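Hi there,

Here is the structure I promised to pass on to you. Please have a look at it first, and then read my notes underneath.

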Amino acid sequence: MHGAGVARKWLIRRLDVTETLPFSDPPAEWREPVATAVLVLADGTVIRGIGLGATGSAVGEVCFNTAITGYQEILTDPSYAGQIITFTFPHIGNVGTNDEDTETSNLASRSGVRGCVLRADVTSPSNYRARQHLDEWLKARGIIAITGVDTRALTTRIRDNGMPNAMIAHDEGGAFDLDALKAEAAAWSGLEGLDLVPEVTCGQSYAWDETCWTWDDGYATLRDPEFHVVAMDFGLKRNILRCLASAGCRVTVVPATTTAEDILARQPDGVFLSNGPGDPAATGEYAAPEIRKLVDAGLPVFGICLGHQMLALALGATTGKMHQGHHGANHPVKDFTTGKVEITSMNHGFAVDTVSLPEGVEQTHISLFDQSNCGIRLAGRPVFSVQYHPEASPGPQDSHYLFDRFVDMMRAHRDGAAA
C-alpha cells in the first residue's frame, strides 16, 4: 500500500506538469542502478553489481570465507594472494578500518588478494577504532570489490562445483568488454603449479619484538626475551610474530629463499615456518630441501598453513588441491595429542595427503568438517606443524597453546644440549 501511494502521488505531480507524458522518466531513486562492477567466471557466467574500492580488473580464484568478524585482517592476509574472496557474512565494512588491524607484514606489497565480493552495500563505519571507510581503504590498497551479489548462491556454486577462476572488474561508467573478460578468465592457468610466495615474502631480514594487542593499551614491546626464533616468511601475518614475541621469543624474519646454512648461522633456538599463498608443491621445490636440512640439524621447528605443507613435503609427504578449500574462523579441528576439539581460523586451498605421510610422521590434527589432515609431528623430534592459523587474527584463541608448545620444545632442547 505504501508503494502504491507513492506511485499515485508521483502520477498526480507529473500530470500537473504535463498531461501527455504521465509515465516519462521516473525519479532517480526508482531507476535501476547501472552495474559498475562485474564478476566474470571462467565458464562465461557474468555476475553484475555495484563497484567499490579500486577501479580496473584483476584475475583470481574465487573462494568463500565464513568468518563474521575480521574482514580487514582477512583482506590483508598474504595467504589470499591470487584469490577473490566472497564473504558469506553480509555486513562487511560496518566497523570501518584502522591502522592496527592490518596483517600484511611486507608493507612494500599493498595486497595479495585480487578482489572481494559482498552482499550488502557498505555502510558508514560505527566503531570507536575506525579511522577510514572501507571504500577508501580498498582504493588505497588497490583492491577491487563488488557489492549487491547473491553471495549465498555463489557460495553454493563453489561448494558444488569447486573454486572457479574469474575476472573481477570495476568501472565507474559501467563500460565492460565482457568478451575480453571472459577470455581472460578462461585463459588464466589458476593456482595449481603457481608459486606466489615471491610476491609476498620480505625482501630482506628484519627483527621483530612487538607483542600482542591488549584492550585500551594497544601493542607492547618484548622485554628480556628467553629465545631467539628465525621465522621463514612465506607470507607472514603480523599477529603470528606478535604471538611469538608474547611467548618470550625475539624473532628474526628472513625471506622464503633463505638457505638452511644462513639460518643456522644466526644460531636460533627454533625455526618457525609461516603461512603463505599458492601451490605448496611449487614453493616446495626450493623451500622443502632447506627445511629438511633444518630438521636434520636437530632444531625445534614449528610450521603453520603453507609452512605446515612445506614441512610435510620436506619430510616426504605430498600435497593436493582441495575442492572448495577451508576459509573461515569457525573450523572445528581435533587434536589427537590432547583429545580436545578446538575452533580454528583457516585459509588454505591445498592440503597434505594423509595417505602420503611417511613412517615416523604422525598425524596429530584433523578437520571435523571433512577429516582432511590438519597437523603432523615427527616422532621423537621437536618438529610439528598445523594446517590452520593459531594466532587468531581474526578468529578464536583456542590454538594459542601451540606457541607454548613450541616454547616448551625449545626450552627442552636448550636444557638437553646444556646437559
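Below is what I found, starting with confidence and then moving to one strand and a few loop residues.

Please keep in mind that this is a predicted model. The chain has a mean pLDDT of 91, with 91% of its residues at 70 or more. The stretch to treat with care is residues 1-21, where the pLDDT is below 50; in the model, this stretch has 16 contacts beyond near neighbours in sequence. Where pLDDT is low, the predicted coordinates should not be read in detail.

A good place to begin is strand S1, residues 37-41, where five of the five residues are buried. In a regular strand, side chains alternate between the two faces of the sheet. Here both faces are covered: Ala37, Leu39 and Leu41 are buried on one side, and Val38 and Val40 on the other.

S1 also has two pairing partners to look at. Strand S7 (residues 165-170) runs antiparallel to S1 and is joined to it by five bridges, with Ala37 opposite His170. Strand S2 (residues 46-53) is antiparallel to S1 as well, through four bridges, and there Val40 stands opposite Val46. Four residues separate S1 and S2 in their hairpin, where Gly44 has a positive phi near 100 degrees.

Two residues that are not glycines have a positive phi too: Asp224, at about 50 degrees, and Gln371, at about 65 degrees. Asp224 sits in the loop between strands S8 (206-208) and S9 (227-233), and is exposed, with a relative accessible area of 74%. Gln371 belongs to the loop between strands S15 (361-367) and S16 (373-378).

Happy exploring, and best wishes!

Terms used:
Residues are numbered from 1 along each chain as its sequence is written. This is a predicted model: local features need pLDDT of at least 70, side-chain atom pairs count only at pLDDT 80 or more; totals for chains, interfaces and linings use all residues. Side-chain values use heavy atoms; hydrogens and water are left out. Buried means under 20% relative accessible area, exposed over 50%, partly exposed in between (1.4 Å probe, protein chains only). pLDDT is the predictor's confidence in each residue, from 0 to 100. Contact means heavy atoms within 4.5 Å. Two strands pair if DSSP finds at least two bridges between them.
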